[in-house]
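Q: Could you take a close look at one part of this model for me, the place where the two chains meet? I'd like a connected walk through it rather than a list.

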There are 2 protein chains.
Amino acid sequence: MRPAVKVSVLVRPKEGILDPQGAAVEDSLRKLGFDVSGARVGRLVDVEVDAPSEDEARAQVDEMCRQLLANPLIESYAIEVQPQ
Amino acid sequence: MRPAVKVSVLVRPKEGILDPQGAAVEDSLRKLGFDVSGARVGRLVDVEVDAPSEDEARAQVDEMCRQLLANPLIESYAIEVQPQ
C-alpha cells in the first residue's frame, strides 16, 4: 500500500476583505503589550491524500479548495505538501 | 523606521484531541469523492511584529502563543517567519 501524501492548506482572508477575528486578535495582543499590526486570522487544514505522486495530491487538494475548503470570493489559499 | 517582521502562526489540535471540525471536513470531502483521511482543522494567524530581528520577533510571537494565540493543553503551534 502506498503511503498517503500529507498536505497542509493555508486559507487566508484576501487583502481588503474585512477580518473581524484578526482585528480582535490584534486588539487583544496590543492590550497585552505586544507591538503588532496587520493581524489576520485564517484556517489551516491538514489532510492525507491517497494519490500516486505529490503533484497528483497537490492537484486533488487544489480541487478540494475550489469545491469546499476555501471561498474564492473572499479567501486565498496556499497548498504545502509535507515531507514524507 | 525599521520594517515589521511578518510572522505566520500555525495552530493545530494536538494528536489525540478530538477535532469535530476536521471530522466534518473529512466527511464532506469523502462525499465529494475525494480519497482522504486524517483531516484536521486548525487556525492560521498572520501578524506583523515590530522587532529588531527575526529571532526577537520569533521570541515575541512565541510569547503571544503562550498568552493568547494557542491553548497549550489541546493545541500545538508552529511559528514561521516570512521572507521580507
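A: Here is a walk through the interface, from its overall extent to single residues and then to the symmetry.

Keep in mind that this is a predicted model. On the chain B side, 33 residues are in contact with 32 residues of chain A. Putting the two together buries about 2,700 Å², and carbon and sulfur atoms give 61% of that area. If you want to know where chain B puts its share, start with B:F34, B:L44 and B:D46: these supply 20% of the area that chain B buries against chain A, more than any other three residues.

Now for the polar side of things. Between chain B and chain A there are 12 residue pairs in polar contact, counting pairs with both residues at pLDDT 80 or more. As for which parts of chain B do the touching, the elements that give two or more residues are β1 (5-13), α1 (20-31), β2 (36-49) and α2 (54-69) of chain B. The largest share comes from β2(B), with 14 residues. By character, the chain B side that touches chain A splits into 16 nonpolar, nine polar and eight charged residues.

Some of that charge is paired across the interface: the count is two salt bridges between chain B and chain A. In a salt bridge between the chains, the side chains of A:D46 and B:R12 meet at 2.6 Å, N to O. Over all chains, the structure holds 10 salt bridges.

Back to β2(B), since the strand also has a partner across the interface. Strand β2 (residues 36-49) of chain A pairs with β2(B) in the antiparallel sense, over 11 bridges. To get the register by eye, find A:V36, which stands opposite B:V49 in β2(B).

That leaves the symmetry. A turn of 180° with a shift of 0.0 Å along the axis lays chain B on chain A with an RMSD of 0.0 Å. The two copies are therefore related as by a two-fold rotation axis. Both copies use the same surface, with 97% of the contact residues of chain B recurring in chain A. And if you'd like a landmark for the axis, go to B:R43: of the residues of chain B, B:R43 comes closest to the rotation axis, its C-alpha lying at 2.3 Å.

Note on methods
Residues numbered from 1 in each chain as written. Chains lettered and ligands numbered in written order. Predicted model: local features only at pLDDT ≥ 70, side-chain atom pairs only at ≥ 80, totals over all residues. Heavy atoms only, no water. Contact = heavy atoms within 4.5 Å. Buried area = accessible area lost by both parts, 1.4 Å probe. Salt bridge = Lys/Arg side-chain N within 4 Å of Asp/Glu carboxyl O. Polar contact = N/O pair within 3.5 Å; in protein donor to acceptor, adjacent residues only side chain to side chain. Helix = DSSP H or I, 4+ residues; strand = E, 2+ residues; numbered from the N terminus. Nonpolar A, V, L, I, M, F, W, Y, C, P; charged D, E, K, R; others polar. Pairing = 2+ DSSP bridges. Least-squares fit on C-alpha atoms with pLDDT ≥ 70 in both.
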